[in-house]
Amino acid sequence: MFSLQTIFGKGDKFYGLLEQSAATATESARALHELLTQPDQGSVMAAFTATRAREKALAAQISEELVNTFVTALDREDIEALNSSLYKIPKTIEKFAERYEIVSDRLAGVDFAQRAMVLQRSSEVVAEMIGELRRGLRIDPVKKLQDRLQALESEGDRMLLAPYRTLYIEGGDVMRAMLAKDLFELIEKAIDKCRDVGNIVYSIVLKNS
């Protein structure tokens, strides 16, 4: 007969899996910043491929464990929501990298790196928030992290004003402006996915406080 400690111990494995998933999202965000600031894009794209493979494997493992585990450390629907939202961060980043690799020559001089740094910092906050789940669902530290995440999102929004003004008002290359807009929106979408994870973690803490 299994003890309750053994059963709950099996449920606790989701903390580790979610933490690995958040760490992979952060790796992907860091690789994006490297892509935008370093000349050797080939090696960075290889890093994206490896990171996405790990993220896909983790997402599949979490889904499989949810089916096979009787007792979970968190509500199943919360684990599913976190798994889905975490998966979308590197997926969106990979879309940016694939498109940027194709059109980067056309977008020389457009600064994506600053906004990519906001994304990296947002992903790091997300990893901290996921780490808080196993520490007892404490509302104060999670609220502070949530406020940081919202501040980063606002900072990223402000950063768009200057490049948009340059591309649309001062620039004369319509195609260049549209390509840049598409890529800026992908970074914004990835930051939004970080915010989504933060919102889920915060709601879990509120629900259990």
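Here is a short set of questions and answers about the predicted model above.

Me: Which ground rules hold for this model?
Reply: Happy to set those out: residues are numbered from 1 along each chain as its sequence is written, and side-chain values use heavy atoms, with hydrogens and water left out. Because the model is predicted, local features need pLDDT of at least 70 and side-chain atom pairs count only at pLDDT 80 or more, while totals for chains, interfaces and linings use all residues.

Me: How many helices and how many strands does the chain have?
Reply: Helices are DSSP runs of H or I with at least four residues, strands are E runs of at least two, and both are numbered from the N terminus. From the N terminus on, the elements run α-α-α-α-α-α-α-α. The count is 8 helices and 0 strands.

Me: What percentage of the 209 residues is buried?
Reply: Good one to settle early: buried means under 20% relative accessible area, exposed means over 50%, and partly exposed lies in between (1.4 Å probe, protein chains only). By that rule, the buried part of the chain's 209 residues is 45%.

Me: At what angle do the axes of α2 and α5 cross?
Reply: Axes are lines fitted to C-alpha atoms, for helices over the stretch in contact, and angles run from 0 to 180 degrees between N-to-C directions. Angles under 35 degrees count as roughly parallel, over 145 as roughly antiparallel, 65 to 115 as roughly perpendicular and the rest as oblique; α2 and α5 are therefore roughly antiparallel. The axes of α2 (residues 13–37) and α5 (residues 113–132) come within 9 Å, and the crossing angle is roughly 170°.

Me: Is the crossing of α5 and α6 left-handed or right-handed?
Reply: The axes of these two helices come within 10 Å and cross at roughly 165°, so α5 and α6 are roughly antiparallel. A crossing is left-handed if the near helix is turned anticlockwise from the far one by less than a right angle, and right-handed if clockwise. For α5 and α6 the result is left-handed.

Me: How many charged residues are in the contact of α4 with α8?
Reply: The axes of α4 and α8 (residues 174–208) come within 9 Å and cross at roughly 165°, and α4 passes α8 in a left-handed crossing. Ala, Val, Leu, Ile, Met, Phe, Trp, Tyr, Cys and Pro count as nonpolar, Asp, Glu, Lys and Arg as charged, and the others, Gly among them, as polar. Alongside 18 nonpolar and 2 polar residues, the number of charged residues is 10.

Me: Which residues does threonine 92 touch?
Reply: Threonine 92 is found in helix α4 (residues 76–103) and is buried, with a relative accessible area of 5%. Contact means heavy atoms within 4.5 Å. Not counting residues up to four places away in sequence, threonine 92 touches Leu186, Lys189, Ala190 and Lys193.

Me: How many Å separate lysine 88 and cysteine 194, C-alpha to C-alpha?
Reply: Lysine 88 is also placed in helix α4, where it is partly exposed, with a relative accessible area of 35%. Its backbone oxygen lies 2.7 Å from a polar atom of the side chain of threonine 92. Lysine 88 and cysteine 194 are 106 residues apart in sequence, and their distance in space is 9.0 Å.

Me: What is the phi of leucine 137?
Reply: Most residues other than glycine have a negative phi. Leucine 137 is found in the loop between α5 and α6 (139–159) and is buried, with a relative accessible area of 18%. Although it is not a glycine, leucine 137 has a positive phi of about 55°.

Notes. Polar contact = N/O pair within 3.5 Å; in protein donor to acceptor, adjacent residues only side chain to side chain.
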